[in-house]
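Here is a protein model to be explored through a series of questions and answers. Each answer is meant to be read with the structure in view.

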Amino acid sequence: KEQYNEIQCVMSVARRQAAQGVMGTYAGLEDSLQLFKDDIAITFPELKLFHEGSPLEQSLRDVVEIHLFYQKNHPYGYIQGTSFIVAMFLLYMDEFGSFVSLESLFHSHPFGSFLRGVQTQKRFDFFGELLAHNLPLVAQHLKSLKISPDMYIRHWFGTFFTKILTAELAIRVFDNFLLDGEIFLYQCALGVLSLLSAKIQSLNQSSCRSLLCAPIHDLDETALFSAISSIKVSKAKFQKLQQNLKEEANSK
């Protein structure tokens with residue numbers, strides 16, 4: 001908490017300097033701050049809690065900017081979608097609790113490496129295998145369109161589906177991730193694709209890519225979780241993936 005308060009003081013000074021046209025401590029964070037600014041406008045707009053002038057806008061800005069100051073020496077900067085994750089935390093806890101939860105997720109949770117933009121390809125490959133096994137027709141069609149998992153899974157997993165699902169549904173997905181771990185994200189992605197399968201197989205490349213990256217606000221919650229429950233993911237293969245990721249991280 002003491003370090004958090006210190007960073008908060010530094011950020012307050014930096015904001016005053018920036019208002020006067022002096023980047024000061026913000027120097028080097030310009031690109032990250034612009035990405036964050038772009039994200040705020042699309043962070044759960046239906047809740048009307050986080051956009052400019054809304055009740056939790058300042059809290060969202062504070063937590064994300066403190067996060068940026070806290071890890072300023074790390075190379076990844078602001079990862080698009082982080083505002084959505086912070087917003088979910090802020091719905092249930094104060095700013096400090098949200099900050100601690102965010103840092104734990106990024107740096108202590110096994111899935112943190114994906115959120116930081118590393119150890120992604122093995123996960124994409126694993127999802128590709130699951131897709132081919134569970135939804136072979138969808139997998140075949142996407143392959144024919146040259147749409148690989150990294151073109152949409154990065155977007156889905158990196159925001160815990162908050163960019164494509166309604167806030168209510170995304171929060172339930174996130175709760176299940178916290179309970180069941182990373183394996184649930186693969187199940188959820190396959191569940192979403194299974195509900196979209198007929199539409200996907202009728203689209204060309206451009207339309208299909210647009211579908212997979214756009215908000216999907218007409219998914220029925222009961223139908224989605226029923227689809228998720230029908231998805232089979234080998235725990236042995238998933239544990240092997242986790243072991244490979246762990247060995248890769250330890251070798252660096």
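Q: How much area does the protein expose, and what share of it do carbon and sulfur atoms supply?
A: This is a predicted model, in which local features need pLDDT of at least 70 and side-chain atom pairs count only at pLDDT 80 or more, while totals for chains, interfaces and linings use all residues. Residues are numbered from 1 along each chain as its sequence is written, and side-chain values use heavy atoms, with hydrogens and water left out. With accessible areas taken from the Shrake-Rupley method with a 1.4 Å probe, where for residues only the protein chains shown count as cover, the protein exposes about 12,500 Å², and the share from carbon and sulfur atoms is 52%.

Q: How many helices and strands are there in the protein?
A: Helices (H or I, at least four residues) and strands (E, at least two) are DSSP runs, numbered from the N terminus. Read along the sequence, the pattern is α-α-α-α-α-α-α-α-α-α-α-α-α-α, and the count is 14 helices and zero strands.

Q: What percentage of the residues of the protein count as buried?
A: A residue is buried under 20% relative accessible area, exposed over 50% and partly exposed in between, with a 1.4 Å probe and protein chains only. Of the 252 residues of the protein, the part that counts as buried is 48%.

Q: Which residues touch the most other members of the largest nonpolar core?
A: A nonpolar core is a set of buried Ala, Val, Leu, Ile, Met, Phe, Trp, Tyr and Cys residues joined through side-chain atoms within 4.5 Å. The largest one has 78 residues, and those touching the most other members are Leu 131, Tyr 152, Trp 156, Phe 157, Phe 160 and Phe 161. The largest share of this core, 11 residues, comes from helix α11 (residues 183-200).

Q: Where do Phe 160 and Phe 161 lie, and are they buried or exposed?
A: Phe 160 lies in the loop between α9 and α10, and Phe 161 lies in the loop between α9 and α10 as well. Most residues other than glycine have a negative phi. Phe 160, although not a glycine, has a positive phi of about 55 degrees, and Phe 161, also not a glycine, has one of about 70 degrees. Because its relative accessibility is 0%, Phe 160 counts as buried, and because its relative accessibility is 0%, Phe 161 counts as buried.

Q: Which elements do the buried residues of α4 pack against?
A: Helix α4 (residues 82-90) is mostly covered, with nine of its nine residues buried, among them Phe 84, Ile 85 and Phe 89. These buried residues pack against α2 (30-40), α3 (57-70), α5 (95-107), α6 and α10 (167-180).

Q: Is Gln 239 buried or exposed?
A: Gln 239 has its place in helix α14 (residues 235-250). Gln 239 and Ile 183 are 56 residues apart in sequence and 9.4 Å apart in space, C-alpha to C-alpha. Because its relative accessibility is 55%, Gln 239 counts as exposed.

Q: Which residues, beyond its neighbours within four places in sequence, is Tyr 152 in contact with?
A: Contact means heavy atoms within 4.5 Å. Leaving aside neighbours within four places in sequence, the partners of Tyr 152 are Phe 127, Leu 131, Leu 142, Ile 147, Leu 193 and Leu 212.
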